[in-house]
Each structure stands twice: as structure tokens, then as C-alpha cells.
Amino acid sequence: MSVMLVIDRVYMSIFIFIVKLFGRTPEKCYKWEPMPEEDIELGSSEFPAVLIQIPMYNEKEVYKLSIGAACGLSWPSDRIIIQVLDDSTDPTIKEMVEKECKRWENKGLNIRYETRIDRKGYKAGALKEGMQRSYVKHSEFVAIFDADFQPQPDFLLRAIPFLLHNPQIALVQARWTFVNSDECLLTRMQEMSLNYHFDFEQEGGSACSAFFGFNGTAGVWRISAIDDAGGWKDRTTVEDMDLAVRATLRGWKFVFLPELKVKSELPSTLKAFRYQQHRWSCGPTNLFRKMVMDIIRNKNVSPMKKFYVIYNFFLVRKIVCHAINFMVYCMILPATSLVPQVQMPKWATVYIPLTVTFLNAIATPRSFYLVIFWVLFENVMSLHRTKACFIGLWEAKRANEWVVTEKLGQMLKNANGIRATKKPSISISERLHLHDIWVGAYLLFCGGINVAYGNDHQYIFLFTQAMAFFTVGFGFVGTNVPNS
């Protein structure tokens, strides 16, 4: 498993280096022409009709961001429909969102406020129902933005030409940037992981196989490709990845645009981050369980692409990378202190971890000095990600749990010079995470044994990692905010 992981990381890094060296930008690999200026006589007929979908759920802090950004997109007003899909359960918030939509409608924007009786299918259900509205049938493309995402005005002008001039492309995915990455150590760690995801996994997948997992937001789909792939399905908590895999099995291609960036907000509370990571780790393995045989039997794509999807995309990046961190560095390696007859090879304990760490760190050079903290934090989170992976594979309890990631509106607060609200006193029950504390105690015990009987100084790592587990276990990570 260690070898599988490091080969994938090195291979992807070399591939990205070659792409950068030869300047193989998406504009050079695919036909791209700028959109024409609106002609007084012809009007906007050369511009395709575009639907903007903004799914949201009780987004009190950030609903204005995405609505305002969508209404500010540069596109002919008669060729764009903005659809706010509000699944909020709070009547006050629903009223606030509807008023915001009315405000923009009074300015001449074609914006529709849509609600549902229930939240069946969660986000996938909302997107699917929104696509069934009669006024959508003339739209060719659909852009999706979560409630905390803020696209620049030229977003459609830069993305749509790829779809317009390349009929084989189904999806154009933009890169995320993070407005609150400096909020706390938790957000800095997330920035390092997500930068690697976008700069290597997403861009590499786009360049080498025209496939990657849709990120669920900040992307533009060809509506005919969505229909061809079977539409939105709610069978897992990663409806975006589900659609992407089914579309690629139908022969569609995806393009990732690293220079097209959309502002977003990282979860800055430990609770929100843990729920998000559970969904991001459990959903892919549950989808893999449901689709692996469909991928193997598929006849529309090449064997190499099927191998890439099964091996690189699912097996290595969604299962092995989580399991190896927890099983080796948090369980097996500490256990060697209890059984001195067992010796772990240096390539597994030193060389491979250093290689993987370096490749991740170069994606965020400004945070290179935090790389040790990042390694310790990733090992802690590997406990929860590995647990979620197996929940998804076995389709056990919580496999279909959907908790919307809490947003604090830091984009607006940072603009106004306001920091996150601190809450110095939180109940013990809210702070304690027993699984992390038990693993921390195990590492502390193994470290003590290594001090007494070992001669390899392994206790330095064990004690440090134990402190990381205790820090998370007692809730001293991220910002603390009132529950309201």
C-alpha cells in the first residue's frame, strides 16, 4: 500500500511537471475562442442560454455572496437564468433569501426562487428538481455554485467557450481559492491538502485522461451530458462524483482550468470539518462499491481509462491514502515498540513518508514551515477518514449521512475587518472526542515503552503524534463559535 501511494504521487508530480514545462494549457489542448461582443443588430443570439443553480440550506451567513456574485456575471441578461434552490428549514432564513432574490429581480435580473416540500435526495434532489422546471428546457449549460462561492464576473466568458467549441467536453471545473485560509491552523492545514488536490490530482487527471471528480461546485456542465449520464442521483453522499463517473463512462471528457479561480470558505470549526471529511471519505467508497462492476463491464472507454478510474482515482486516492496513514503510522509502527523482534523497514517509515510529504508541501510553498504540523494533523484525521471509508464500503450506519458544512461568512467578515467570533467556554461534552483520546493514550503508552526498552528514538515521533491526537481529542483545534 505504501508503494502504491508513493508511485501514484510521484507519477502525478512528474506528469504535472511535464505539462508545465511544455505549457500544455487547456487553451492549447482544446479549441477556445473568446465570446463575441454583443451585436446591436444580432443581439445576444450567439450566446448560449445558461442556467445558474445555487443550492442552499439555512445559509444565513453567506446566502448573499453567491446570489450577488451570480447576478454580477457578465452574460446577456436574456440568455441567463439564476435559480436559487433553497432547502432551508428555518422560515426566517427562507424569507431573507426570498427577499434577496426579489431585490435582484427588481433590478431586472432573471432570478427564480425555488423551494421544495421536503429535502428528499438532499443537494442531488434539489438540483434534479430544479432541472425539471419548464423555463430551463432552452438552457444548454448549467453552472453550479454552493452558497459560499463567489465567481468573478468573467467566469462564464472564460469557461463556456470550451463547451461551445468542443462538443466532446461535458464539464469545465474551476479551481477553488480560500478567503479564510489564515483564520486558524485548521484552515491552513486544509489549504495545504486542497492545494495538492487541485494542483496535482485535478489538473493531472484533466491533462492525462480528461477525467477527474467533479467538486460539486464552481463548475459548468453541458446539460445534454447530464441527461445522457442519467441525471442526478442521490444513492450516495457524493452526487457530484457519481455524475462525473457515469458521464465519463459514456465517453464524455472533462477539463480543469487552474487559472479560473473561484473564492470559497473553508470550515474553521472542528465539528464542521469532521462532518465534511466523513462525507468526503465515506461517499467515494460507497460509490466505488456500487459502480466498480459497471466500470469493469463498460465498453465506451478504453481499458487504460477504466484502470485509471478504478486504481488511481478510487483505490489509491480514496482508500489506500487514508488507510496507510492510520494503519501504519498510528497502529503498526507504534506496536513495534511492544514487539522489538519486529523491525519496520526504513523505506516504509522514512523515505516514503518524506517523499509524500514533500510532494504535498510544494503545492503550498508559503506553508512549508508548517509541514510537520500538517503531517501530524493528517495522521489524526486518517482515523476518521479510514473509519468513514469502511462505513462506505460496508454501507453501514451513517453511510448516507448528510450534514451541510457550516459556513461562518468569513468572506464578508474579513472584508469588514471582523474576525471569527471566539467562544472561550464550551461544555466538556462538546470538546471531548474519545476516539482521538484513546489513540493518543495508545501512542503515549507505546512511546513510554520505547523510552524504557527501545534504542531507535521512535518515542520522539510517538510522543509528538500522541500530543496531536490529544489536541484534537480535547477540542483545541479550529475556531469556537456559538451554536446559534
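How far apart do the end C-alpha atoms of residues 142-358 lie, and what percentage of the span is helix and what percentage strand? In this predicted model, the end C-alpha atoms of that span are 38 Å apart, and its residues are 59% helix and 13% strand. The stretch is worth singling out here since an unreviewed UniProt entry places the feature "domain: Glycosyltransferase 2-like" at residues 142-358.

The same record supplies a second kind of annotation, for an unreviewed UniProt entry places the feature "transmembrane region" at residues 6-23, 307-328, 348-377, 432-453 and 459-481. Two of these spans can be described from the model. Over residues 307-328 the chain is 100% helix and 0% strand, with the end C-alpha atoms 26 Å apart. Residues 348-377, by contrast, are 70% helix and 0% strand, and the end C-alpha atoms of this span lie 19 Å apart.

The walk along the chain can begin with helix α1, which runs over residues 2-21 and, with its 20 residues, reaches 28 Å from its first C-alpha to its last, close to the 28 Å expected at 1.5 Å a residue. The buried residues of α1 are S2, L5, V6, D8, R9, M12, S13, I16 and V19. They lie on the same side of α1 because they cover an arc of only 160° around the axis. The face turned away from this buried side carries the exposed residues I7 and L21, while the buried residues of α1 pack against α7 (185-209), α11 (303-335) and α12 (346-361). Just after α1, G23 takes a positive phi of about 60°.

Internal space is the next topic. The count comes to one cavity of 30 Å³ or more, and about 50 Å³ of space lies in the largest cavity. The lining of the largest cavity is made by L85, D86, D87, E114, T115, R116, A126, E129, G130 and R133. The elements that give two or more residues to this lining are β2 (80-86), β3 (111-115) and α5 (122-131), and the largest share, three residues, comes from α5.

Further along, L370 lies in the loop between α12 and α13 (371-394). Why does L370 count as buried? L370 is buried because its relative accessible area is 7%, which is under the 20% cut-off. Leaving aside its neighbours within four places in sequence, L370 is in contact with L185, R188 and M189. L370 and L434 are 64 residues apart in sequence, and their C-alpha atoms are 26 Å apart in space.

Helix α16 covers residues 434-453, and its 20 residues reach 29 Å from the first C-alpha to the last, close to the 28 Å expected at 1.5 Å a residue. Within α16, the residues D436, I437, V439, G440, L443, C446, G447 and N450 are buried, and the buried residues of this helix pack against α10 (270-297), α11, α13 and α17 (459-473). Between α16 and α17 there is a loop in which G454 is found. G454 is classed as partly exposed because its relative accessible area is 35%, a value in between the limits of 20% and 50%. Although G454 and L338 are 116 residues apart in sequence, they are 9.2 Å apart in space, C-alpha to C-alpha.

Definitions and conventions: Residues numbered from 1 in each chain as written. Predicted model: local features only at pLDDT ≥ 70, side-chain atom pairs only at ≥ 80, totals over all residues. Heavy atoms only, no water. Helix = DSSP H or I, 4+ residues; strand = E, 2+ residues; numbered from the N terminus. Expected span 1.5 Å × (residues − 1). Buried < 20%, exposed > 50% of the residue type's maximum accessible area, 1.4 Å probe, protein only. Arc of directions from axis to C-beta. Contact = heavy atoms within 4.5 Å. UniProt positions renumbered as here; feature names shortened; annotations may be inferred. 1 Å grid on protein atoms, 1.4 Å probe; cavity = no way out; pocket = protein on both sides within 12 Å on 5 of 7 lines; lining within 4 Å. Points joined across faces, edges and corners; volume = space filled by probe spheres on them.
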